[in-house]
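Hi,

Here is the structure I promised to pass on. Have a look at it first, and then read my notes below.

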Amino acid sequence: MKLNTEAKPYDDINITPMLDLAYVLLVIFIIMTTATVQGMKVNLPKASASPSLAQQTTKAITVTNEGRIFLDTIPVTMAELEQRLVQQKALTPEFPVVLRGDSQTQYQNVMDVLDLLGRLGITQVGLATKPLVT
């Protein structure tokens, strides 16, 4: 028996395992990137470094316990409320309104405001409530 003592040096480097690893890592990165991007399609807001000069378009209507009505923070009557909402609708046809009613206010006062919003064709209406804490 003869032992092979002659150690023959390699003429080239075998890069197949390194390429296999690179392809596996590439596939993993592609899968992870697309997995983090998927989800519901929404129009994300755009941020800027400068403060916005645009006026806030969401209007808040508050009905107090005494039946007084406020548009944002300005006290108004029903006629003034209607006039100001018509003016806002002329400027911005689709603007959201949040209706805030005191828990002790008469139901009719809130219904009068909701009726006014319906007559003016304002469809984006939200009713503000406190979250239920258990």
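**The cavity and what lies around it**

By class, the residues lining the largest cavity come out as 3 nonpolar, 3 polar and 2 charged. Before going on, please keep in mind that this is a predicted model.

The residues in question are Lys89, Pro93, Glu94, Phe95, Gly121, Ile122, Thr123 and Gln124. The volume of this largest cavity is about 40 Å³, and the structure holds 1 cavity of 30 Å³ or more.

Gly121 is a handy residue to start from. You'll find Gly121 in the loop between H3 and S5. Is Gly121 buried or exposed? Neither label quite fits: Gly121 has a relative accessibility of 36%, so it counts as partly exposed, since that label covers values between 20% and 50%. Another lining residue, Lys89, sits 32 residues away from Gly121 along the chain, and the C-alpha atoms of the two are separated by 9.1 Å.

**The strands**

Now to the strands. S1 (residues 59-63) and S4 (residues 97-101) run parallel and are joined by 5 bridges. If you want a spot to look at, find Thr62, which stands opposite Arg100 in S4.

S4 also pairs with S5 (residues 125-127), again in the parallel sense, over 3 bridges. Here Val97 has Val125 in S5 as its bridge partner. How does the chain get from S4 to S5? The path goes through helix H3 (residues 107-120), and this β-α-β crossover is right-handed.

**The pocket**

Last, the largest pocket, with a volume of about 230 Å³. Which residues line this pocket? The list runs Thr62, Val63, Thr64, Arg100, Gly101, Asp102, Ser103, Ala128, Thr129 and Lys130. You'll recognise Thr62 and Arg100, the two that stand opposite each other where S1 meets S4. In fact, S1 and S4 each supply at least two residues of the pocket lining. By class, the lining of the largest pocket divides into 2 nonpolar, 5 polar and 3 charged residues.

If you're clicking through the model, I'd go in this order: Gly121 in its loop between H3 and S5, then the pairing of S4 with S5, then the bridges from S4 to S1, and finally the pocket lined by Thr62 and Arg100, among others.

Cheers

Notes. Residues are numbered from 1 along each chain as its sequence is written. This is a predicted model: local features need pLDDT of at least 70, side-chain atom pairs count only at pLDDT 80 or more; totals for chains, interfaces and linings use all residues. Side-chain values use heavy atoms; hydrogens and water are left out. Two strands pair if DSSP finds at least two bridges between them. Helices (H or I, at least four residues) and strands (E, at least two) are DSSP runs, numbered from the N terminus. A crossover is right-handed if, with the strands pointing away from the viewer, the path from the first strand over the helix to the second runs clockwise. On a 1 Å grid over the protein atoms alone, a cavity is a set of points where a 1.4 Å probe fits but cannot get out, and a pocket is an open set with protein on both sides within 12 Å along at least five of seven lines; lining residues have an atom within 4 Å of a point. Grid points are joined across faces, edges and corners, and a volume is the space filled by probe spheres set on the points. Ala, Val, Leu, Ile, Met, Phe, Trp, Tyr, Cys and Pro count as nonpolar, Asp, Glu, Lys and Arg as charged, and the others, Gly among them, as polar. Buried means under 20% relative accessible area, exposed over 50%, partly exposed in between (1.4 Å probe, protein chains only).
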